[in-house]
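Student: Please take one part of this model and look at it closely, working outwards to the rest of the chain. I would like a connected account in which the terms are explained as they come up.

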Amino acid sequence: MAENKILGIDLGTTNSCISVVEGGHPIVIPNAEGGRTTPSIVAFDDQANRTVGEVAKRQAIKNPDRTIQSIKRHMGTDYRLQIQHRSFSPEQISAAILQKLKTQAQTYLGEKITKAIITVPAYYDDSQRLATRHAGEIAGLDVVRIINEPTASALAYGLNKLSQEANIVIFDFGGGTFDVTILQFAEQVLQVKATNGNNQLGGDDFDRRIMDWIYAKFKAGNGFDLSNTSVVSQRIKESAEKVKVELSGITSSAIQLPFLDYRSGDPVHFDDVLTRQEFNTITADLVKSTALPIETALKDAKMDAEQIDYVVLVGGSTRIPAVQEFIKGYFQKEPAKSVNPDEAVSIGAAIQGGILTGEIQSVLLLDVVPMSLGVEEPGGKFGKIIEKNTAIPVNRKRVFSTNANGQTSIKLHVVQGESQKASENISLADVTIGDIPKADANVPQIEVTFDIDVDGIFFCTARDQATGEEKSIELKRTTGFSKEQVKKFADEESRQAAEEEQMQNLIAAQVLAETALADAEHALAKYSALLPPEKLGAYQSNIVNLKARVSTLGQAELENIRRQMEAVVAKLKSMSQQV
Ligand code: AMP
């Protein structure tokens, strides 16, 4: 059954969350540590062993240089991480997070499940969407759909089932990104009307303000700057986030950071209190800066704030009281927050999965193109072909010709953005249309179809208008990987995942063996007087021997040790019978 299920994955900047529909209802799948969201953090140790999630977050203080956070900010770019002698792309790091979530789901459901819907910010461009799809594929997921996070949130709130027309704003303020989307529900269709945001604004910026406040307070109190080592700044960052979260519930919070630095060999501590009022003052501009993307989105949707019927808050940073107050004031409306803001996106993605599998009956969902798409025209002008905010899937045709006699191929530079100048937009791909029969300039009439699929990913086809014949297309994307590269990374990832599983098994076997040996030692000590001395000696040396081997347990030894452990258990049984 589970094989037909589709996982809903919110691959977040700070945290990720995974849900699935069970018995017609979405449920959040907890991680091994019991958390309902998993930090989007990947870390490597000095042996290049990988940890993901809670465990990676916990070791971040000790290992800041090999701990990777907020990789989502780099999706769709050529950014590479150098860890020891290996280089990692954002797709591979995201794949490690997705791999962890997939395993978590399979453990929880007790079955193999690989189909998934992954969410992305509504304004993600083509390359960012493709990079997300590739990350899923590298993690061995069958990515059935990429959907916009605000659309998922609206689904989580059941806003696809309203009985009348409604305008909805989704205010999604996470750890690293801010996303505002205007949706319209009409005639059983939920349509994204406009989207805007700032992918460099989020809860992290609030943490940084508190960090700056701590640095300034420290300097004022001690007369010198805190040493800016990565360990110190990581400790301060953690404490800043903790204080920020506390200030959402209480009006002042104590910050105690002992042994932060040393002066002439003596430890220096930090001990102060941050009030909510002061926190609001030092972060007021961050809250206010959300207004411009809201205004732009409303303008693009041709709406006023008063026309909005529902305001939905999503993302951990919407728990900040000043943010809630600001939104309430802006729209003059009480925002909806009944669904846990950290889980809404993933729950919505799972609901979309349920709609696709038929487990949930619901309406059609339409997303839109987040940025206009077109080609670079002679003189560097941007020739728009698909307008921003057009519902997807969409295709538009445009006829191109040659500009020299005997020319057999046409090159197009496809870009995405709103500037009149092609160079100021995002370069997506170089497309070469080939097999054009030799003719005079401007004679061949090649009709190119520009497609944006349901995932918001671009591709194109071409045909000769005169003959109807399909023309060959070579599409070279400016960033991102080819199918072959993705396959290679997927193979690597699957090997890595298998190694990690073996490692987990080893650790589990080690823990089990150590516990059993400790029990055996305890039993021997307790009953030693009742056993013949030669047997007691043999048992004891057996246990000492096994303990030494268990502590350096390697994969090759695992089976061997298992057998010996069984022998010890058997001996213990016979010993207890003798006793
Ligand atoms: P998300 O990306 O939606 O998981 O949001 C993560 C961000 O929300 C992080 O910056 C968290 O520090 C922040 N966050 C989570 N809970 C709270 C809270 N109670 N108050 C303020 N910020 C929070």
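Tutor: Let us begin with Glu 149, which is buried, its relative accessible area being 4%; here buried means under 20% relative accessible area, exposed means over 50%, and partly exposed is in between, with a 1.4 Å probe and protein chains only. The model is a predicted one, in which local features need pLDDT of at least 70 and side-chain atom pairs count only at pLDDT 80 or more, while totals for chains, interfaces and linings use all residues. Residues are numbered from 1 along each chain as its sequence is written, and side-chain values use heavy atoms, with hydrogens and water left out.

Glu 149 belongs to helix H4, which covers residues 149-156; helices are DSSP runs of H or I with at least four residues, strands are runs of E with at least two, and both are numbered from the N terminus. If neighbours within four places in sequence are set aside, Glu 149 is in contact with Asp 10, Lys 72, Thr 119, Val 120, Pro 121, Asp 172, Asp 179 and Val 345, where contact means heavy atoms within 4.5 Å.

From there we can turn to Gly 174, which is placed in the loop between strand S12 (166-173) and strand S13 (178-186). Gly 174 counts as buried, at 14% relative accessibility, and beyond the residues up to four places away in sequence it touches Gly 202, Gly 203, Gly 315, Gly 316 and Ser 317. Between the C-alpha atoms of Gly 174 and Val 21 there are 24 Å in space, the two residues being 153 apart in sequence.

This brings us to the ligand. It is surrounded by 14 residues, of which the closest are Gly 175, Glu 241, Lys 244, Ser 248 and Gly 316; a residue is taken as near if one of its heavy atoms lies within 4 Å. Helix H6 (residues 230-246) gives the most to this shell, with 3 residues. The backbone also takes part in polar contacts, meaning pairs of N or O atoms within 3.5 Å; within protein, one atom must be able to donate a hydrogen and the other to accept it, and residues adjacent in sequence count only if both atoms are side-chain atoms. At Gly 175, a backbone N or O atom lies 3.0 Å from an oxygen atom of the ligand; for a polar backbone atom of Gly 316 the distance to a ligand oxygen is 2.9 Å, and for one of Ser 317 it is 3.3 Å. Taken alone, the ligand exposes 500 Å², and the protein buries 88% of that, with areas from the Shrake-Rupley method and a 1.4 Å probe, and with only the protein chains shown counting as cover for residues.

Ser 248, one of the closest residues to the ligand, is also touched by Arg 276, whose other partners, not counting residues up to four places away in sequence, are Leu 247, Gly 249, Ile 250, Thr 251, Ser 252 and Pro 321. Arg 276 itself is found in helix H7, residues 276-288. Ser 264 sits in the loop between strand S15 (252-263) and strand S16 (266-275); it has a positive phi of about 50° although it is not a glycine, and it counts as exposed at 77% relative accessibility. Ser 70 likewise has a positive phi of about 50° without being a glycine, but Ser 70 is buried, with a relative accessible area of 15%, in the loop between strand S7 (67-68) and strand S8 (81-83).

Further along the chain, Ile 386 in strand S20 (residues 382-386) counts as buried at 0% relative accessibility. Outside its neighbours within four places in sequence, Ile 386 is in contact with residues including Val 369, Val 394, Phe 450 and Ile 452. A cis peptide bond, with omega of about 0°, joins Ile 392 and Pro 393, and Pro 393 has its place in the loop between strand S21 (391-392) and strand S22 (394-400).

As for the setting of these parts, the chain has 13 helices and 28 strands, and its C-alpha trace spans about 105 × 60 × 55 Å along the principal axes. Of its 579 residues, 49% count as buried, and among contacts with a separation of 6 or more, 65% are made by residues 24 or more positions apart.
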